[in-house]
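This report considers the aromatic side chains of a protein model. Please keep the sequence and the structure in view while reading.

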Amino acid sequence: MSRTALRICPLCEATCGLTLTVEGTRVTGARGDREDVFSKGFICPKGASFGAVDGDPDRLRTPLVRTGGALREATWEEAFDAVAAGLRPVVERYGPDALGVVLGNPNVHTVAGALYPPVLLGALRTRSLFTASTVDQMPKHVSSGLLFGDAHAIPVPDLDHTDHLLLIGANPLESNGSLCTAPDFPGRLKALKARGGRLTVIDPRRTRTAKLADRHLAIRPGTDALLLAATAHTLFAEDLVDLGHLAPHVEGVEDVRDALREFTPEAVAGACDLDSEDIRALARELAAAPAAAVYARIGSCTVPHGTLASWLVDVLNVLTGNLDRPGGALFPQAATDRTPRPAGPGRGFALGRWHSRVRRLPEAKGELPLSALAEEIDTATDQGEPVRALLVVAANPVLSAPDGDRLDKALEALDFMVSVDPYLNETSRHADVVLPPPPPSQSPHHDFAFNTFAVRNQVRYSRPAVPLEPGRMPETEILARLILAVTGMHGTDPAAVDAMVVDQTLGKAVTEVHSPVHGRDPRDLAARLTGDDGPERRLDMMLRLGPYGDGFGARPDGLTLERLLAHPHGIDLGPLRPRLPQPLKTVSGRIELLPGPIAGDLPRLRAALRERPAGLVLVGRRHLRSNNSWMHNVPALTGGSNRCTLHIHPADAARLGVMDGAPVRVTGAGGEVTAPAEVTDEVRPGVVSLPHGWGHDRPGTRLGHAAGVPGVNVNQLLDGSLLDPLSGNAVLNGVPVRLAAGR
């Protein structure tokens, strides 16, 4: 007999509500939840394939432990004994920095990935932290930290109310959005146009999103910051700057005017390969719109000036008065955010508090560049111990980081490695212990991270749709046991981790004057928490202390876990609202429009005015039925348009003798790959494109379908030397490559 169960989709950032069909303990179908307060029934091919992803036969079901050089199935007790015996001695002998931690993109899609890594890092105190953020979004965190004093204070476009959206380096009709959580992003863009609004897209490819635009500018890759600087220059030059309500909250406007004097439309036009009048038109249209928002994503982050481009996005939103206003770019307020503190000066944001050993690369937001992981393992210096052991949680850096071949070899040299991963993939195959979490249907779901970027304030929670399979361990318990194993507390009841967090959080909350529980007894508050387990009790605590919470009875109509469970389709908390100055944590308590590190990096952008690529440059692309390297083992999500082909413009193909469908050899600084050509005018001349996340041809994996259609690893074309200096983000787009027809 079949039944239905509700579940929030964890397969991309859109977080759509699903209605699952369940037969016994197997998910046999998925459709959009029409009553979901946020997604209202929208579903994409990934969500529709939830059952196939969930039931992939190649998912690991028991831990693996390396014995005699080979991985074998083991009990959970054996696995955690091995973890404690392998990792803790490294920390005790060489210090915490000798244990590296790698966190992958899927961590932000799970309850466990949100709740436990911060506890692990706080207890371990290692400086050797590497995450997917430095091959994706770190420039936006750094620019937000410098502008607003908080690296997590990222304004998002008010899609449902804006009159003009300027979209740069993003293709939400394929990606469903990123750092902008918006179910049915395509429908929201169509609604924008239907109400008379305007969509402008800046992208070197004529993507599905660009085809929807009123204006598409096919910019030369890597020059987004130049275009944005010239747009801001035009606002100043034509007296179009109007801060409006922002004026009391902003400092440094005249400093920005002076800093951008050289970036005239004529000065940047050659580098961007755009017409100067088109650049002026962008500025005029932004200024004239009743409400407008500038939004940029990965295409503008993974370039040499990623932080400057991210900074200039918000500079434009400020200069046009569109930051923190309906229809512009606003700061979301998630239900599990910390209790809002009174507005006022904060501690600000600092970069470079420590550096990597080998290249002396500065940390950003507590992280070192993922591009530096291999060298931090395989290179000896007099600057401290190399990374000797590695804990990898939901990450596959052999494919996602530059120069996977070097990292592949470096992982072999580690003293010990642990992977938390449902698959034996290109990275986890090197582990001494692999700890597999259960499939999504057997796990709870709440979007701690993505609700902080949502285009509408709301809160939803899904309990597991099916019971935990015998022999499985909840991912929350896996990570709690890992915390105990690496901190010398192996064997302690894992529930102690949640109890410790509750005690510490409530103990601090009762001492804060602005807290709704100020002066109360933390033990009494802890006794009032509800939930079936430690993670649910922590969620209940965060909801109660959060901006919409009941304050443990102080606000009787406020949020609690019990109230959320009574609303299985979620609770709508209303549209985004202006929040300034409360989100600001800068030392001045204002938006610091020209921070020192940004000013210090502008000479590098001025030098780029004279740069022109001598040959072809490479950009990536995203497919609707894919999310990095996660989903290539699911037959329903490969094939069709989701293929690893090299897009090349007909003029370039003719010049190089490249035939459609024929193999073409691509060479970059990090190596060489061969992929079939796909000749198309959807990419501009001088630019070629390969998708990210492929390259499933290494031995020792258990990815049956992916190995049959492996594709090539685009990141092998990179040697890891190209980074945005402020954020440490890898430069993945606009990199020079050479092409040759044939193998």
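The sections below describe pairs of aromatic rings and charged groups placed over rings.

## Aromatic pairs

The model is predicted. It contains 3 aromatic pairs. One of them joins tryptophan 76 and phenylalanine 80, whose ring centres are 6.3 Å apart and whose planes meet at 25°. This pair is classed as stacked because planes under 30 degrees apart fall into that group.

Tryptophan 76 and phenylalanine 80 both belong to helix 3, which covers residues 76-94. They are 4 residues apart, so about one helical turn separates them. Both tryptophan 76 and phenylalanine 80 are buried.

## A pair between distant parts of the sequence

Phenylalanine 148 and phenylalanine 331 form another aromatic pair, with 5.2 Å from centre to centre and 85° between the planes. The arrangement is edge-to-face. Phenylalanine 148 is part of helix 6 (residues 138-148), whereas phenylalanine 331 lies in the loop between strand 14 (329-330) and helix 16 (373-378). The pair therefore ties together parts that are 183 residues apart in sequence.

Are these two rings buried or exposed? Phenylalanine 148 has a relative accessibility of 1% and therefore counts as buried. Phenylalanine 331, at 3% relative accessibility, counts as buried.

## Charged groups over rings

Phenylalanine 80, a member of the stacked pair, also has a charged neighbour: the charged end of arginine 481 sits over its ring, 5.9 Å from the centre. Elsewhere, arginine 538 lies over the face of tyrosine 116, at 5.0 Å from the ring centre.

Methods: Residues are numbered from 1 along each chain as its sequence is written. This is a predicted model: local features need pLDDT of at least 70, side-chain atom pairs count only at pLDDT 80 or more; totals for chains, interfaces and linings use all residues. Side-chain values use heavy atoms; hydrogens and water are left out. Rings of Phe, Tyr and Trp (its six-membered ring) pair if their centres lie within 6.5 Å; planes under 30 degrees apart count as stacked, over 60 as edge-to-face and the rest as tilted. Helices (H or I, at least four residues) and strands (E, at least two) are DSSP runs, numbered from the N terminus. Buried means under 20% relative accessible area, exposed over 50%, partly exposed in between (1.4 Å probe, protein chains only). A charge sits over a ring if NZ of Lys or CZ of Arg is within 6 Å of the ring centre and within 35 degrees of the ring normal.
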